[in-house]
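Below are some remarks on the model, set out as numbered points for a colleague at the bench. Please read them with the structure open.

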Amino acid sequence: MKSTKIDLAEKTRKDICELLQNRLYDLLDLASQLKQAHWTVTGPSFIALHELFDEMTGEIVEFGDMAAERIMTLGGQAVGTARATAKGSSLPEYPVNISGQSKHLDALSDVLSKAGARVRADIDRADELGDQGTADLFTEISRGLDKTLWLLEAHMD
């Protein structure tokens, strides 16, 4: 941990950075899963979903940037390489052999739900550790993931 004048104990900052890093792995994985769906979706709503998945990918990447920048702010080291993300993500593997829109919507809604649940748990954990700034960041990410899930579910039968 790099030193900083932020008034959180080094142990607290280390624990918070671990939470943030775990969510960073998940967010980067989620972005790659959305991109996979963007490339391979088919069906009557192809263009709408193709564009929606691309827009969602950008939003998820922004959430990852927020988590990475918070890690660095607290004196940690953000790690976001593809190999580290593959090892560190808690999300299930995306089924790369699907193409129909309903299958992609189902797979993406499942993974978004899991990612959202993990972020919500981290809101409470960051608050317990006394870092309301990170709890607030997780709250913002949680709201964004929930909105993304809502947009996906609006396309489901």
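1. Helices here are DSSP runs of H or I with at least four residues, numbered from the N terminus. With that in mind, and keeping in view that this is a predicted model, H2 is followed by Gly75, whose phi is positive, near 95 degrees. A comparable remark applies to H4, which is followed by Gly130, with a positive phi near 85 degrees.

2. On helix lengths, H2 has 28 residues and reaches 40 Å from its first C-alpha to its last, close to the 40 Å expected at 1.5 Å a residue. For H4, the end C-alpha atoms are 41 Å apart, which agrees with the 40 Å that its 28 residues should span at 1.5 Å a residue.

3. Which elements build the largest nonpolar core? This core has 42 residues, and those with the most contacts inside it are Leu20, Leu30, Phe53, Ile60, Leu108 and Leu145. The elements that give two or more residues to it are helix H1 (10-40), helix H2 (46-73), helix H4 (101-128) and helix H5 (132-153), and H1 gives the most, with ten residues. In soluble globular proteins, nonpolar side chains tend to be buried together.

4. Leu30 is a useful residue from which to inspect the packing. Leaving aside residues up to four places away in sequence, Leu30 touches Ile60, Leu91, Val111, Leu112, Ala115 and Leu145, and among these Ile60 and Leu145 are, like Leu30 itself, listed with the residues that have the most contacts inside the core.

5. The buried residues of H2 include Leu49, Leu52, Phe53, Met56, Ile60 and Phe63, but also Thr57, Gly64 and Arg70. What covers the buried residues of this helix includes H1, H4 and H5.

6. Is Ser142, which has its place in helix H5, buried or exposed? Ser142 counts as buried because its relative accessible area is 6%, where the cut-off for burial is under 20%. Not counting residues up to four places away in sequence, Ser142 touches Val119, Arg120 and Ile123.

7. The largest pocket has a volume of about 280 Å³, and of the 15 residues that line it, the closest to its centre are Asp29, Ser32, Gln33, Ala86 and Glu93. H1 and helix H3 (82-88) are the elements that give two or more residues to the lining, with H1 giving the most, five residues. By character, the lining residues divide into seven nonpolar, six polar and two charged.

Terms used:
Residues numbered from 1 in each chain as written. Predicted model: local features only at pLDDT ≥ 70, side-chain atom pairs only at ≥ 80, totals over all residues. Heavy atoms only, no water. Core = buried A, V, L, I, M, F, W, Y, C linked by side-chain atoms within 4.5 Å. Buried < 20%, exposed > 50% of the residue type's maximum accessible area, 1.4 Å probe, protein only. Contact = heavy atoms within 4.5 Å. 1 Å grid on protein atoms, 1.4 Å probe; cavity = no way out; pocket = protein on both sides within 12 Å on 5 of 7 lines; lining within 4 Å. Points joined across faces, edges and corners; volume = space filled by probe spheres on them. Nonpolar A, V, L, I, M, F, W, Y, C, P; charged D, E, K, R; others polar. Expected span 1.5 Å × (residues − 1).
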